[in-house]
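Below are some notes on the two-chain model you sent round. They are arranged by element, and each point can be checked against the coordinates.

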Amino acid sequence: MKIIKDKVAKLSFVALLMSLTAAMFYTPTASAHGEKSQAAFMRMRTIHWFDLNWSKDTVAVNDTMTISGKFHVFAGWPETVDKPEVSFLNIGIPGPVFIRAGSWIGGQLVPRSVSLELGETYEFKVLLKARRPGDWHVHTMMNVQGGGPIIGPGKWVTVTGSMGSFVNNITTLTGETINLETYNLSNIYFWHAFWYALGLAWLAFWVKRPLFVPRHIAVSSGKADTLISAADKKVALGFAVATIAIVAGSMGTTNEKFPVTTPLQAGLLRGMQPIQMPESTVSVKVDDASYRVPGRAMQMTLTVTNNGDSAVRLGEFNTAGVRFLDPAVLQDETAYPDDLLAEEGLTVSDNSPLAPGETRTVEITASDAAWEVYRLADLIYDPDSRFAGLLFFFDAEGNRQMVMIDAPLIPSFI
Amino acid sequence: MSASQSAVRSRAEAVQVSRTFDWMILFTVFTAVLGGYHIHYMLTGGDWDFWTDWKDRRLWVTVAPIVSITFPAAVQACLWYRYRLPFGAVVSVLALMLGEWINRYLNFWGWTYFPVNFCFPSNLIPGAIVLDVVLMLSSSLTATAVIGGLAYGLLFYPGNWPIIAPLHVPVEYNGMMMTLADLQGYHYVRTGTPEYIRMVEKGTLRTFGKDVAPVSAFFSGFVSIIIYFLWHFFGRWFSKTDFVDSSNV
């Protein structure tokens, strides 16, 4: 019996070791950027991205693509997140797999941080130049000071080719054309190697003689002053003078070589131009809203009034970049990312055309696995359990009206 | 061999053992300082040292020497007062820079593909050499702090200027003027480092016009003096020998 027990113990130990070893070699691709782990209320109640377009799915190294669209800055911005008075239009990619060749808000280049107004809608565009081959999840993103990164929808883009062929040519104001990928590299290596060698020379000057044990004995016995000779002092002085002379001299020659230099540019860009969205003639009141946990469905009771002059139907509910569509009214033709698109996810109890002047109370259900996959259901664990989103109404001619909704959300666990 | 007998049997053997100890201790000091100093500098100097678009003429000049004179002061205190060895600052900075280059090359470039010309470390060696020489020639804590600390701050910017000046050449980009360093920061996307985090060109030194770097360097030198004193005593405390009464053990 003991032999069997020993064998089992040994085999178990070997199995454990093999498991650990196998685990070390298991390195799956990390392909997300934490977009799903960001608090749901942050994604639902801050920046609403819509009309997004990724110009290409596949792009070769050195070629460009754009991400364009609009974002609405939610007027009911949560108190727990700093307002977007200092924000930066970023792009959510795993490092510089693209370079950001340009980014614009309302037609203005935004290489720096900007100030955004609550309740406004802005048009944006980001121009990307492919740099590193691979499959990359490319997200829209707005960084907000005091709020953190607010990540928007992402789409997979494949970059083909070789990074070795990537060039980033820039012409300076002094007329020189350089490749920013490799510019100044030899100069950096030279000066660092030079100073490192000088530092090593100083170290070598001392290390060549006996160091710790005999010197400690000498210091302990009161003979510390005998350890530094006059010659040592001369050499040290030489090092100091040479150091200062090289610093001064190299600074002088650098200034001669680069007579035109400017300080780093910084500062907040204000006055971003919002787009004037057509005044909505549809008013919506949220009577109640609940999220049914087992059914992965959000249900709302809305009282909708059409104050316009043409009948409208509800076609889309958009929250946190997830689009719930009523296919009878709207079908996506923009190749929006599949995982964020619930093509048949919107059910309206009565979605017949709402006539001008008519008021109707309707039950709306937005259901899709995206609630769970994108962890939007976690809203019920957030400090501010309210939801927000965009409703899009369409008339018979396809004219669109956008209505913002914002209300408390009550979870239902049964 | 009993405990009271010597481990060596001749003077030659003693010298050999002593030299072996030298290399072992030097290697240990170098790697321990590399680790500790590197973490300290990344936490306190961080982005100012990581990116060219943070290396400005105000805050980088001010912050980098102040937070980097720490370990040199402490290691100097240990090596000078216990061994009369005046290379504490240089050995610390050499260790730091080796660690930084390994990190920048293997991590920043090798893993995440930021170009090395965008994420190279600052050069701290000129100030370290002068700091060691001042300590050796003066053999005085006060003189080293005041003269060496000030020199450490003053030499930082000119010691780095030949490396960063080419990146301060201006460029016109889509209707805006920026430096090549700014353009690097814009081009090479850092998802977790938005532009507003950059602490550059902030402050109230506006009356000095474009000649603000020397003022910042002097200020940095003055604060470096204070930090030198503080970290010198950390070094003294860390390297002291305490004897414990055997009856209490």
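1. Thr58(A) stands opposite Thr158(A) in β9(A). The model is a predicted one, and this pair belongs to the parallel pairing of strand β2 (residues 58-60) of chain A with strand β9 (residues 148-160) of chain A, which runs over three bridges.

2. Strand β9(A) also pairs with strand β8 (residues 134-144) of chain A, here in the antiparallel sense and over 10 bridges. Within that pairing, Ile151(A) of β9(A) has Met141(A) opposite. The hairpin of β8(A) and β9(A) has three residues between the strands, and Gly146(A) takes a positive phi near 85 degrees there.

3. Chain A has an open sheet of five strands in the order β1-β3-β7-β5-β6, with antiparallel pairing. Its edges are β1 (47-54) and β6 (108-109); each has a single partner strand, so one side of each is left without a neighbour in the sheet. Edge strand β6(A) is joined to β5 (residues 98-105) of chain A by two bridges, in the antiparallel sense. Ile105(A) and Gln108(A) stand opposite each other in this pairing.

4. What lies across β5 and β6 of chain A? Helix α9 (residues 180-187) of chain B does, running at about 95 degrees to β5(A).

5. Another open sheet of five strands in chain A follows the order β17-β18-β13-β12-β21, and its pairing is mixed. The strands β17 (346-348) and β21 (410-412) form the edges, each pairing on one side only. On average, with direction ignored, neighbouring strands in this sheet are turned by 25 degrees against each other. Edge strand β17(A) runs antiparallel to β18 (residues 359-367) of chain A, with three bridges between them. One of the facing pairs is Thr347(A) with Thr365(A) of β18(A).

6. Chain B has 10 helices and two strands. In sequence order the pattern is α-α-α-α-α-α-α-α-β-β-α-α. Along the principal axes, the C-alpha atoms of chain B fill a box of roughly 80 × 40 × 40 Å.

7. Within chain B, α8 (residues 141-164) packs against α10 (residues 212-238) at an angle of about 140 degrees, with the axes 7 Å apart. The two helices are therefore oblique to each other, and their crossing is right-handed. On the α8(B) side the contact includes Leu150(B), Leu154(B) and Tyr157(B), and on the α10(B) side it includes Phe222(B), Ile225(B) and Phe229(B). By class, the contact of α8(B) with α10(B) has 14 nonpolar, eight polar and no charged residues.

8. How many residues does the contact between the chains take from each? Chain A gives 92 residues and chain B gives 89 residues. The area buried between them is about 7,900 Å², with 71% of it from carbon and sulfur atoms. His192(A), Phe212(A) and Leu264(A) supply 11% of the area that chain A buries against chain B, more than any other three residues.

9. Helix α5 (residues 230-257) of chain A packs against α8(B) at an angle of about 50 degrees, the axes being 8 Å apart. That angle makes α5(A) oblique to α8(B), and the crossing is left-handed. Among the residues that meet are Ile244(A), Val247(A) and Met251(A) from α5(A), with Leu155(B), Pro158(B) and Trp161(B) from α8(B). The contact of α5(A) with α8(B) divides into seven nonpolar, four polar and no charged residues.

10. Helix α5(A) has a further contact, with α7 (residues 125-138) of chain B: the axes come within 9 Å and cross at roughly 150 degrees. The two are therefore roughly antiparallel to each other, and this crossing is also left-handed. The residues involved include Asp232(A), Lys233(A), Phe239(A), Ile244(A) and Val247(A) of α5(A), and Ile129(B), Val133(B) and Met136(B) of α7(B). The contact of α5(A) with α7(B) has 12 nonpolar, one polar and two charged residues. Ile244(A) and Val247(A) thus appear in the contact with α8(B) and in the contact with α7(B).

Technical notes. Residues numbered from 1 in each chain as written. Chains lettered and ligands numbered in written order. Predicted model: local features only at pLDDT ≥ 70, side-chain atom pairs only at ≥ 80, totals over all residues. Heavy atoms only, no water. Axes fitted to C-alpha atoms, helices over the stretch in contact; angles between N-to-C directions. Helix = DSSP H or I, 4+ residues; strand = E, 2+ residues; numbered from the N terminus. Parallel < 35°, antiparallel > 145°, perpendicular 65-115°, else oblique. Left-handed = near helix turned anticlockwise from the far one by under 90°. Contact = heavy atoms within 4.5 Å. Nonpolar A, V, L, I, M, F, W, Y, C, P; charged D, E, K, R; others polar. Pairing = 2+ DSSP bridges. Buried area = accessible area lost by both parts, 1.4 Å probe.
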